[in-house]
Amino acid sequence: MKKNWMKVAAFAGILILTAMPVAVMADNISAGFNMAADDQAHFDFHAGQRHYHPKIWKAAKQLQEAKHTLYRAGDDFHGHKMQAIAAINAALDQLMICAQR
């Protein structure tokens with residue numbers, strides 16, 4: 001009986017030790033992420049609305065809002081949250097290309 005309890009305790013300890021770095025790493029990703037810099041890297045929001053076609057500006061602002069909503073969400077959406085944010089950034093990059101032509 002004592003041997004089974006020791007196995008369970010050892011297994012729980014190993015499980016906790018392997019889960020802890022993942023939790024710390026996930027927390028560091030969000031803590032080190034600068035949303036304003038990320039926004040600016042994918043669309044020149046500082047240039048202001050008057051520098052862009054109204055439809056491009058509106059689309060960029062809607063994408064930015066969607067990205068912020070996803071970022072603030074507590075759920076990781078089965079590991080797809082950062083992929084969704086990356087896809088939004090790719091769409092913002094395309095809007096910048098559209099605005100330059």
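Buried means under 20% relative accessible area, exposed means over 50%, and partly exposed is what sits in between (1.4 Å probe, protein chains only). Helices are DSSP runs (H or I, at least four residues), as strands are (E, at least two), numbered from the N terminus.

Before you start: this is a predicted model, where local features need pLDDT of at least 70, side-chain atom pairs count only at pLDDT 80 or more, and totals for chains, interfaces and linings use all residues. Residues are numbered from 1 along each chain as its sequence is written, and side-chain values use heavy atoms, with hydrogens and water left out.

**Exercise 1. The two sides of H2**

Task: Find which residues of H2 are buried and which exposed residues sit on the face turned away from them.

Solution:
- Step 1. The buried residues of H2 are Met35, Asp38, Asp39 and His42.
- Step 2. Now check their directions, taken from the helix axis to the C-beta atoms. These buried residues cover an arc of only 100° around the axis, so they end up on the same side of H2.
- Step 3. Turn to the face pointing away from the buried side: there you meet the exposed residues Ala36 and Ala41.
- Step 4. Ask what lies over the buried residues of H2: the cover includes H3 and H4.
- Step 5. Look at the start of H2, where a side-chain oxygen of Asn34 comes within 3.1 Å of the backbone nitrogen of Ala36.

**Exercise 2. Two buried polar residues**

Task: Work out where Asn89 and Gln64 sit, and what each one touches.

Solution:
- Step 1. Asn89 belongs to helix H4 and is buried, at 8% relative accessible area.
- Step 2. Look for a polar contact (a pair of N or O atoms within 3.5 Å; within protein, one must be able to donate a hydrogen and the other to accept it, and residues adjacent in sequence count only if both atoms are side-chain atoms). The side chains of Asn89 and Asp38 make one, at 3.1 Å.
- Step 3. Now list contacts (heavy atoms within 4.5 Å). Leaving aside neighbours within four places in sequence, Asn89 touches Asp38, His42 and Lys67.
- Step 4. Do it again for Gln64, which you'll find in helix H3 (residues 54-72). Gln64 is buried, with a relative accessible area of 12%.
- Step 5. A polar contact of 3.1 Å connects the side chains of Gln64 and Lys61. Beyond neighbours within four places in sequence, Gln64 is in contact with Asp39 and Phe45.

**Exercise 3. Rings around Phe43**

Task: Describe how the ring of Phe43 is placed against Tyr52 and Trp57.

Solution:
- Step 1. Get the rule straight: rings of Phe, Tyr and Trp (its six-membered ring) pair if their centres lie within 6.5 Å; planes under 30 degrees apart count as stacked, over 60 as edge-to-face and the rest as tilted. The whole structure has five aromatic pairs.
- Step 2. Phe43 and Tyr52 are 4.8 Å apart centre to centre, with 40° between the planes, and this pair is tilted.
- Step 3. For Phe43 and Trp57, the centres are 6.1 Å apart and the planes are at 55°, so this pair is tilted. The pair links distant parts of the chain: Phe43 is in the loop between helix H2 (35-42) and H3, Trp57 is in helix H3, and they are 14 residues apart.
- Step 4. Check burial: Phe43 is buried at 1%, Tyr52 is buried at 12%, and Trp57 is buried at 12%.
- Step 5. Put the rings together: Phe43, Phe45, Tyr52 and Trp57 form one aromatic cluster.

**Exercise 4. The core**

Task: Find out which elements give two or more residues to the largest nonpolar core.

Solution:
- Step 1. A nonpolar core is a set of buried Ala, Val, Leu, Ile, Met, Phe, Trp, Tyr and Cys residues joined through side-chain atoms within 4.5 Å.
- Step 2. The largest one has 12 residues, including Phe43, Ile56, Leu70, Ile88 and Leu95.
- Step 3. H3 and H4 are the elements giving two or more residues to this core, and H4 gives the most, with five.
- Step 4. Take Ile56: leaving aside neighbours within four places in sequence, Ile56 is in contact with Phe43, Leu95, Cys98 and Ala99.
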